[in-house]
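Hello,

The structure we talked about is pasted below. My notes on its aromatic rings and overall make-up follow.

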Amino acid sequence: SVVIPVAAGQLVTGVHPNAYYVLPILNALAQTALLFLLGKRLFDRKTATLACLFMIFFPYQIRAASQIRPEIFSITYMLAMLWFFAGYWKTPDGRTGRRALMLSSALLYVAYHSKITNLFFLPGMLVLIALRTKDDRRKTLADSAIFGGICLVAFLVETVLYGALAGFPLGHLQIIAANHLGGMQPLASWTEIFNRYLTPYLQ
């Protein structure tokens, strides 16, 4: 979700140093548009405008809009996911609502590839589905299965491809275990999690 857009962008712009800024700026513009449309869809124009101003002047966003990092792509995908989910929220019944729900799930999967922690949104989205369809338990189960199922099937296909093409039969899980957990010592107790806030480690 980061490498492929960057590679496609380089095919268009070339690899001149100034081309580095094209995709971050385009993502920042797309995020502003998506946030405005989302704010209008859920609330009103004033809320949408305020949300955009808060995001535009948020210090990290100013920096992110000039760097090719996962976050600038991640926010775009997540806002697009929420845009489609808001469409489902407005009209959960019928083909239009189902299509919006499916696109929302597909974008969550794409967002997961830009930043794996985007998966933490999945339980929250399932809770929202349950709240939206609380009067019809069968619909709650069906819509939850659609939303979670698309991500699950995509993840399983990805895992099979990792095993077949790259020699990682457990897929992303095996890569994380090898690169992020290798050589780590277990903590003596859960309170050691807070050691990161001690003076020697705070930087």
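Which residues form one aromatic cluster with F85? They are Y88 and F147. Please keep in mind that this is a predicted model.

Aromatic pairs

The structure contains six aromatic pairs. One of them joins F85 and Y88, a tilted pair with 5.4 Å from centre to centre and 55° between the planes. That angle counts as tilted because it is neither under 30 degrees, which would be stacked, nor over 60, which would be edge-to-face. Both F85 and Y88 belong to helix α5, which covers residues 70-90. They are three residues apart there, about one turn of the helix. F85 has a relative accessibility of 4%, so it counts as buried. Y88 is buried too, with a relative accessible area of 1%.

W190 and F194 make another aromatic pair, and this one is edge-to-face. Their ring centres are 6.0 Å apart, with 75° between the planes. W190 is exposed because its relative accessible area is 60%. F194 has a relative accessible area of 45%, so it is partly exposed.

Charges over rings

Two arginines are placed over tryptophan rings. R41 lies over the face of W83, 3.6 Å from the ring centre. For W89, the charged end of R132 sits over the ring, at 5.6 Å from its centre.

The chain as a whole

The chain has nine helices and zero strands, so there is nothing but α in its pattern when read along the sequence: α-α-α-α-α-α-α-α-α. Taken along the principal axes, the C-alpha atoms fill a box of roughly 50 × 40 × 40 Å.

Of the chain's 203 residues, 29% count as buried. The accessible surface of the chain is about 13300 Å², and carbon and sulfur atoms account for 70% of that.

As for contacts between residues at least 6 apart in sequence, 61% join residues at least 24 apart. The chain carries 17 positive and 8 negative charges, and the mean positions of these two sets are 7 Å apart.

If you open the model, a place to start is helix α5, where F85 and Y88 both lie, and then F147, which is in the cluster with them. After that, look at W190 and F194 for the edge-to-face pair.

Regards

Technical notes. Residues are numbered from 1 along each chain as its sequence is written. This is a predicted model: local features need pLDDT of at least 70, side-chain atom pairs count only at pLDDT 80 or more; totals for chains, interfaces and linings use all residues. Side-chain values use heavy atoms; hydrogens and water are left out. Rings of Phe, Tyr and Trp (its six-membered ring) pair if their centres lie within 6.5 Å; planes under 30 degrees apart count as stacked, over 60 as edge-to-face and the rest as tilted. Helices (H or I, at least four residues) and strands (E, at least two) are DSSP runs, numbered from the N terminus. Buried means under 20% relative accessible area, exposed over 50%, partly exposed in between (1.4 Å probe, protein chains only). A charge sits over a ring if NZ of Lys or CZ of Arg is within 6 Å of the ring centre and within 35 degrees of the ring normal. Contact means heavy atoms within 4.5 Å. Accessible areas come from the Shrake-Rupley method with a 1.4 Å probe; for residues, only the protein chains shown count as cover. Lys and Arg count as positive and Asp and Glu as negative; His and the chain ends are not counted. The place of a charge is taken as NZ of Lys, CZ of Arg, CG of Asp or CD of Glu.
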